[in-house]
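Work through the exercises below with the sequence and the predicted model side by side. Try each task before you read its solution.

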Amino acid sequence: MSDWLSSLLHWLAMPEAGLGALLVVSFVSATLLPVGSEAALFGLLKLNPGLFWPAIAVATVGNTAGGALNWFIGAGAHRVVDRARHKSTELHALDWLQRFGPKACVMAWLPVIGDPLCAVAGWLRFPFWPCVAWMAVGKLLRYIVLTALLLWVFPGGLSF
């Protein structure tokens, strides 16, 4: 098992493979699937400290793209429900969210509620590009803060 883990870590340590893997993991983690991308980002940076900003950018892009997919899923679900019911569907419990509009997507970084929030933004038909911009701001700040904190708490590289 340790040989497998060692070879996986070496593969992830390669900048070209590590950033690609990080993009996929951060994208999938922003969907409604229960995957976290912070560990992949932290692991890549422990193995390649010089990739801090490129890794932050790749994780932000992947995670924001996953949030955008959630927006499209929410918008599509709203259309399907409207067609099935033959009338417009409004959720009164989400009236408070409508007051914030696309700015609410800055909270997409939150665990548990952040990913569904992107789908709800699509459901409520918030404008796509402002939602994506606010998602990106929130996710970028999360990655910078969490990664810097983890690197401060656990300094130094990994040794095999």
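Two residues are in contact when they have heavy atoms within 4.5 Å.

**Exercise 1.** Find which residues Phe126 touches, not counting residues up to four places away in sequence, and then place Phe126 in its core.

*Solution.* Begin with the contacts: setting aside residues up to four places away in sequence, Phe126 touches Trp71, Leu97, Gln98, Gly101, Pro102, Ala121 and Cys131. Next, turn to the largest nonpolar core, which has 17 residues, and note that Phe126 is among those touching the most other members, along with Trp71, Leu97, Ala121, Cys131 and Met135. At least two residues of this core come from each of helix H4 (52–85), helix H6 (114–123) and helix H7 (128–153). Finally, look apart from this core, where another one, of 12 residues, includes Leu44, Leu51, Ala59 and Tyr143.

**Exercise 2.** Locate the salt bridge found in a search of the whole structure, and decide whether Arg142 and Glu38 are buried or partly exposed.

*Solution.* The search finds 1 salt bridge, in which the side chains of Arg142 and Glu38 meet at 3.3 Å, N to O. Now trace the chain between them: Arg142 lies in helix H7 and Glu38 in helix H3 (residues 38–47), so that the pair, 104 residues apart, links distant parts of the chain. For the last step, recall that buried means under 20% relative accessible area. Arg142 counts as buried because its relative accessibility is 11%, whereas Glu38, at 25%, counts as partly exposed.

Terms used. Residues are numbered from 1 along each chain as its sequence is written. This is a predicted model: local features need pLDDT of at least 70, side-chain atom pairs count only at pLDDT 80 or more; totals for chains, interfaces and linings use all residues. Side-chain values use heavy atoms; hydrogens and water are left out. A nonpolar core is a set of buried Ala, Val, Leu, Ile, Met, Phe, Trp, Tyr and Cys residues joined through side-chain atoms within 4.5 Å. Buried means under 20% relative accessible area, exposed over 50%, partly exposed in between (1.4 Å probe, protein chains only). Helices (H or I, at least four residues) and strands (E, at least two) are DSSP runs, numbered from the N terminus. A salt bridge is a side-chain nitrogen of Lys or Arg within 4 Å of a carboxyl oxygen of Asp or Glu.
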